[in-house]
Amino acid sequence: MAVRLYNTLSRRVEDFQPLKQGRVTMYTCGPTVYDTAHVGNFRTFLFEDILRRFLRWKGYEVVQVRNLTDVDDRTIHAAVAKGVSLRELTDPFIDAFFSDHDRLGLERAEHYPRATDYVPQMVKLVEQLVERGLAYEADGSVYFDISEFPSYGELAQLDRASLREGRETGDAAYDREDARDFVLWKGGERPEEGDVATWDSPWGSGRPGWHLECSVMATEHLGQPFDIHSGGVDLIFPHHTNEIAQAEGATGEPFARFWLHAKHALLDGRKMSKSENHYYTVDDLVGKGYRASAIRRLLISGHYRAELNFTLAGLDDAARSVERLVELRRRLTASRSDQPGLPPTRLPELAARALEAFEAALDDDLNIAEGWGALFVLVREANGELDGAGERVPAADADTALDALASIDSVFGVLALAEREEVAVPEALRAWIEDRLAERAMARTERDYARADAIRGELAERGIEVEDTPSGSRWRLAR
Ligand SMILES: [Zn+2]
């Protein structure tokens with residue numbers, strides 16, 4: 001089945017097909033690196049991670065760009081306040097972003113362009129807009145003339161009557177009732193900005209507007225048009241609206257085909273916000289003893305188009321939910337037996353059904369809540385099978401269930417994180433495990449499967465999973 005996605009452009013769920021067969025291009029607006037991201041920011045980044053992983057699961061190659069906004073009003077003001085250069089300000093926040101990114105198990109995108117590396121291309125785009133009569137200079141700055149671009153505001157469904165004459169005053173915040181000509185290139189006198197961000201241009205020294213940066217970084221890496229552009233709902237207007245005007249205005253070509261927007265994470269029912277000091281960072285939560293796997297589990301628990309309420313009680317539930325997955329995997333591994341003549345189980349049928357339901361759910365505009373539902377039906381019923389079989393099932397049956405778990409987790413990514421969080425193994429325990437494994441290998445050579453299974457059970461009791469591979473047995477600590 002085809003993937004179906006809700007396209008903000010049409011306000012409908014549409015069948016998704018990439019422009020180029022088998023290859024999806026996507027641009028995901030990245031962090032503004034003037035501060036540490038909070039877990040609410042990561043809610044959007046994780047929705048994009050699920051989108052990326054599921055498209056890969058469906059067999060597509062994915063080319064993803066996530067930009068790093070290292071020049072805009074906020075980065076400049078923060079650099080001026082601290083008396084440092086833009087790079088000195090943003091480098092540590094970029095490092096912090098990647099640290100949280102990796103801790104939460106996000107797959108790396110193919111490209112992470114920094115806005116400050118693309119200023120010449122931005123100047124070129126502004127020149128094209130001026131040539132086409134869509135932009136004009138005023139007081140050393142250049143503005144986009146929205147009255148000259150008839151489809152301005154379609155993404156945000158702006159009423160043409162709401163468009164105002166004249167220019168915006170800052171490039172940070174204005175609302176849809178006050179859509180005005182927006183800044184492409186900010187020049188002229190900018191005493192409050194010091195000299196932290198200044199480049200030469202045909203209009204004198206200045207620096208790019210925030211919206212311009214994304215239009216350029218997207219098309220530089222993905223061409224135009226590309227398949228998917230995404231971000232949080234707050235970006236629909238003005239940011240994404242203006243990205244479209246710039247890229248389409250300059251070339252006459254469509255910009256992005258599908259626009260996907262995630263709703264916000266609330267904290268205890270109220271919008272997470274740095275300015276109101278109402279948020280958690282990953283560090284805050286890890287400091288309280290929570291695991292990244294549980295944070296990830298909670299942040300990807302609900303549909304991306306619904307608000308998500310983040311609470312510490314929810315985080316406790318998420319941790320238990322991850323534990324149930326780890327436990328099922330441990331049981332399946334420990335129950336895997338090579339003994340001939342064991343009665344068949346329903347595990348292969350349950351695994352196939354779970355995979356089918358998972359795919360149907362995610363195909364339907366990434367209905368992740370239903371996807372989790374399918375996975376936990378498997379958890380419940382597979383545990384029932386293991387109870388009924390006295391913890392000993394044909395290896396091939398256990399493997400189909402383990403494969404289904406691994407396949408679904410290649411999208412959800414929580415088991416893989418839980419695995420990384422396992423504690424280091426003390427040397428004495430390691431020696432004991434190796435000793436038991438050697439004895440089990442001997443039992444298997446002698447076809448004494450009952451003995452081999454007993455040793456596997458003994459290891460499982462201490463939380464050690466054994467995996468048999470063509471090159472011998474491997475073990476890992478499951479808890
Ligand atoms: Zn952007």
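**Close-up views of a three-domain model**

**View 1. The whole chain and its long-range contacts.** Among the contacts in the protein with a separation of 6 or more, 74% join residues 24 or more positions apart. Keep in mind as you look around that this is a predicted model. The protein has 479 residues, and 44% of them count as buried. You can pick out 15 helices and 18 strands. Measured out along its principal axes, the C-alpha trace spans about 85 × 45 × 40 Å.

**View 2. The three domains.** The domain assignment of the protein places domain 1 at residues 16-262, domain 2 at 270-421 and domain 3 at 425-479. Taken over C-alpha atoms, the centres of domain 1 and domain 2 are 35 Å apart.

**View 3. Where domain 1 meets domain 2.** Here 19 residues of domain 1 are in contact with 23 residues of domain 2. On the domain 1 side, helix H1 (39-57) and helix H3 (86-103) each supply at least two of the touching residues. Helix H1 gives the most to this side, with 11 residues. What kinds of residues make up the side of domain 1 that touches domain 2? They divide into 10 nonpolar, 4 polar and 5 charged.

**View 4. Helices H4 and H6 crossing.** Two packed helices are described by the angle between their axes and the distance between the axes. For H4 and helix H6 (residues 236-251), the axes come within 9 Å and cross at roughly 65°. The crossing of H4 and H6 is left-handed. To find the contact, look on H4 for Leu125, Gln128 and Leu129, and on H6 for Gln246, Gly249 and Ala250. By type, the residues of this contact are 3 nonpolar and 3 polar, with no charged ones.

**View 5. Lysine 124 on helix H4.** Lysine 124 is found in helix H4, which covers residues 119-131. Is lysine 124 buried, exposed or partly exposed? It counts as partly exposed because lysine 124 has 13 C-beta neighbours inside 10 Å, while a buried residue would need 20 or more and an exposed one would have 12 or fewer. Now look across to alanine 250, which sits 126 residues away from lysine 124 along the chain. The C-alpha atoms of lysine 124 and alanine 250 are separated by 9.9 Å. Alanine 250 also appears in the previous view, as one of the H6 residues that make the contact with H4.

Methods. Residues numbered from 1 in each chain as written. Predicted model: local features only at pLDDT ≥ 70, side-chain atom pairs only at ≥ 80, totals over all residues. Domains from an automatic or database assignment. Contact = placed C-beta atoms within 7 Å. Helix = DSSP H or I, 4+ residues; strand = E, 2+ residues; numbered from the N terminus. Nonpolar A, V, L, I, M, F, W, Y, C, P; charged D, E, K, R; others polar. Axes fitted to C-alpha atoms, helices over the stretch in contact; angles between N-to-C directions. Left-handed = near helix turned anticlockwise from the far one by under 90°.
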